[in-house]
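User: Hello! Could you take a close look at one loop of this model for me, and then work outward from there to the rest of the assembly? I would like one connected account.

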Amino acid sequence: MRRMPQIAHVDVNCFYASAERAFDPSLQGRPLVVLSNNDGCAVTRSPEAKALGIATGEPWFKLAPRAKEWGLVAKSSNYELYGDISARVMELLGRYSAWLEVYSIDEAFLGVKGGPGELLALGYRVKEAVRRHVGVPVCVGIAPTKTLAKLCNKWAKNNPAFGGVCLWESVPAEVREGLMARLPVDEIWGIAGRLTKRLNVLGIFTVKDLVGADPVLIRDRFSVVLMRTVLELRGTSCIPMEEERIGRDQLIFSRSFATPVTTAAGLREVLSIYAQQASARLAKHGLQAKILTAFAATSPFRDNEQAHPSVCVSLPMPTADPLLLTKAAHALLPHVREGLKYAKAGLMLTDLRPTGNQPPLELFENRHEERGIGPLLEDVSRRFGRGTIGLGHAGIKSGLDWTMKRDMRSPRYTTHWDELPLVKAA
Amino acid sequence: MGVIIGPRVIDAGASLFSVLISPVAVAAGFPSPAQDYFDGRIDLNAHLIKDITSTFVVRVTGDSMEGAGISDGDELIVNRALEPRDGCVVIAVLDGELTVKRLRLTSTGVVLQAENPKYPDIRVPALSELTIWGVATRCLHHV
């Protein structure tokens with residue numbers, strides 16, 4: 001019997017909190033929240049924090065007064081750390097399937113094949129490898145479609161009986177139905193608040209209700225997108241791969257190539273184009289990025305040699321400047337092996353923040369560049385430290401509008417030599 | 001005569017140890033006869049890091065491992081993917097802290113040994129009751 005390819009959805013449990021815990025074991029078992037930009041509100045909660053009834057998006061000023069009584073620890077977002085941990089997880093996942101789609105900073109889809117026993121074993125192998133190599137916990141959902149794979153992952157997370165890995169075809173049909181009947185429809189991938197209310201009006205409250213709905217009626221009343229979701233829930237794969245996505249705190253730009261790219265020069269061109277497109281997208285949303293991750297992957301055919309290079313670059317300041325982003329993206333090139341068939345490449349921009357009041361650098365850019373002021377500033381900063389010299393407003397050490405409040409940030413353990421994790425010899 | 005020092009590595013977190021130094025001394029004024037033999041620089045990443053996804057660098061505080069050549073302020077290269085074996089220098093989780101010790105697997109149990117007589121051994125009933133964070137593979141000792 002010929003088996004259809006399946007899709008594994010892998011994501012890191014409470015990613016930001018787990019990344020913090022990987023380097024600070026004292027956070028294990030304690031309620032922990034990671035705060036959004038400027039320490040505004042809780043964006044990631046450890047299970048212990050969830051158990052305290054802390055909601056996503058709860059402002060920190062409301063939580064702070066009770067933190068001591070709860071034993072609650074808060075951390076500012078440490079995007080340098082999260083970006084590097086993400087790149088490590090993705091590179092590791094790439095070893096298990098040549099077909100890898102990085103979906104967000106903490107989740108990816110993998111194309112997988114095999115019988116139920118093999119697929120389950122693969123799921124557990126992936127879970128164990130990520131825990132051991134990188135130190136963060138993941139759950140795995142495996143199903144014929146992306147929507148179902150995401151659903152299975154959710155079950156794997158919320159249901160200890162699955163042991164962190166849920167394979168659609170090995171869950172008995174009556175158990176699936178029971179689980180779907182208990183899951184509100186807005187828990188499905190791609191269904192948000194307003195849509196939920198409109199579905200409720202039609203008597204669709206649970207995932208089971210949605211599976212039972214007529215896809216054509218759904219298309220007419222809602223959209224083709226929602227019809228695809230219904231079909232996907234019924235096991236027909238129809239969600240296209242690799243759409244550009246912008247989330248609350250990340251922008252991902254990745255594409256497959258029509259013909260493989262085999263040279264660093266070719267990838268340089270591709271990365272430059274993506275960086276400029278990403279720059280335009282950032283500008284459109286009024287955002288700047290501080291961290292750029294660039295990656296490439298070889299084509300998913302077994303007879304090819306496989307490689308999944310990636311780099312994580314911390315930009316000197318938040319920016320949407322196409323030149324800076326392009327330069328940063330080129331950091332991938334030394335990791336590219338000539339002659340391999342690269343089938344896709346992409347950029348992930350994280351640590352996004354609204355465009356602040358920037359010093360009017362652009363007006364002077366050309367004149368200064370001619371005089372070599374940029375390199376001079378860089379040299380001085382290198383020698384005497386960041387913030388010792390700068391142009392106009394950038395020279396003032398504190399009180400910059402774009403400087404983020406990150407009072408509770410942990411060390412950037414893996415990207416800054418002077419912030420390495422400390423190990424006790426006592 | 002001068003030695004060419006290559007460009008600095010950008011602070012990208014991607015190549016912690018890329019030191020770019022040309023192995024040849026170059027005489028100013030005429031081409032070096034050695035330049036045809038230049039076939040790439042020594043890349044410390046390639047020699048010191050077996051697996052980039054599972055390798056981390058940590059810094060030591062304290063003197064309990066001096067007998068193993070690990071001093072206060074040294075950096076250790078740690079591979080999380082390695083199986084901890086008897087005699088390995090490991091990073092273990094003790095009381096919520098990362099601690100460096102030598103792992104001893106004996107017939108009577110697991111011992112975390114310091115390499116300095118000033119510090120006592122720590123006994124653990126079984127390896128399963130211990131969290132090993134990673135296995136140290138190199139010490140970057142400051143001379």
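Analyst: Happy to. A strand here is a DSSP run of E at least two residues long, a helix is a run of H or I at least four residues long, and both are numbered from the N terminus. Please also bear in mind that this is a predicted model.

With those terms in hand, let us start at D95(B), which sits in the loop that links strand 5 (89–94) to strand 6 of chain B. What is the sign of phi at D95(B)? The angle is positive, about 50°, although D95(B) is not a glycine. As background, most residues other than glycine have a negative phi. The relative accessible area of D95(B) is 81%, and the cut-off for exposed is over 50%, so D95(B) counts as exposed.

Next comes E97(B), which belongs to strand 6, residues 97–106 of chain B. Is E97(B) buried, partly exposed or exposed? Its relative accessible area is 35%; buried would need under 20% and exposed over 50%, so E97(B) is partly exposed. Setting aside neighbours within four places in sequence, the contacts of E97(B) are A92(B), P25(A) and K424(A). That list includes residues of chain A as well as one of chain B. Within chain B, I122(B) lies 25 residues from E97(B) along the chain, and their C-alpha atoms are separated by 14 Å.

The contacts of E97(B) with P25(A) and K424(A) lead us to the interface. How many residues of each chain take part in contacts between the two? There are 39 residues from chain B in contact with 34 from chain A. The size of an interface is often given as the accessible area lost when the parts come together. By that yardstick, about 3,100 Å² is buried between chain B and chain A, and carbon and sulfur atoms give 54% of this area. On the chain B side, the residues that lose the most area to chain A are T53(B), R59(B) and L98(B), which together make up 22% of what that side buries.

Stepping back to chain B as a whole, we find one helix and nine strands. Read from the N terminus, their order is β-β-α-β-β-β-β-β-β-β. Of its 143 residues, 39% are buried. Its accessible surface is about 8,000 Å², with 55% belonging to carbon and sulfur atoms. Among contacts in chain B between residues at least 6 apart in sequence, 49% join residues at least 24 apart.

Across the interface, chain A has 15 helices and 14 strands. Buried residues account for 53% of its 426 residues. The matching contact figure for chain A, again among pairs at least 6 apart in sequence, is 67% joining residues at least 24 apart. About 19,900 Å² of chain A is exposed, and 55% of that comes from carbon and sulfur atoms.

Chain A has a positive phi to point out, too. C14(A) has a phi of about 40° and is not a glycine; this residue is in the loop between strand 1 (6–12) and helix 1 (15–23) of chain A.

Two buried positions in chain A make a useful contrast with D95(B). T229(A) is part of helix 11, residues 224–233, and counts as buried because its relative accessibility is 5%. Beyond four places in sequence, T229(A) touches T147(A), I188(A), W189(A) and L210(A). G114(A), by comparison, lies in the loop between strand 6 (107–112) and helix 5 (116–133) of chain A; at 14% relative accessible area it is buried.

Finally, where is empty space enclosed? The structure holds three cavities of 30 Å³ or more, and the largest takes in about 140 Å³. Of the 16 residues lining the largest cavity, the closest to its centre are M90(A), L100(A), V102(A), F295(A) and S310(A). The elements of chain A that give two or more residues to this lining are helix 4 (79–94), strand 5 (100–104), strand 11 (287–298) and strand 13 (342–354). By class, the lining has nine nonpolar, four polar and three charged residues.

Methods: Residues numbered from 1 in each chain as written. Chains lettered and ligands numbered in written order. Predicted model: local features only at pLDDT ≥ 70, side-chain atom pairs only at ≥ 80, totals over all residues. Heavy atoms only, no water. 1 Å grid on protein atoms, 1.4 Å probe; cavity = no way out; pocket = protein on both sides within 12 Å on 5 of 7 lines; lining within 4 Å. Points joined across faces, edges and corners; volume = space filled by probe spheres on them. Nonpolar A, V, L, I, M, F, W, Y, C, P; charged D, E, K, R; others polar. Buried < 20%, exposed > 50% of the residue type's maximum accessible area, 1.4 Å probe, protein only. Contact = heavy atoms within 4.5 Å. Areas by Shrake-Rupley, 256 points an atom, 1.4 Å probe, with all protein chains shown as cover. Buried area = accessible area lost by both parts, 1.4 Å probe.
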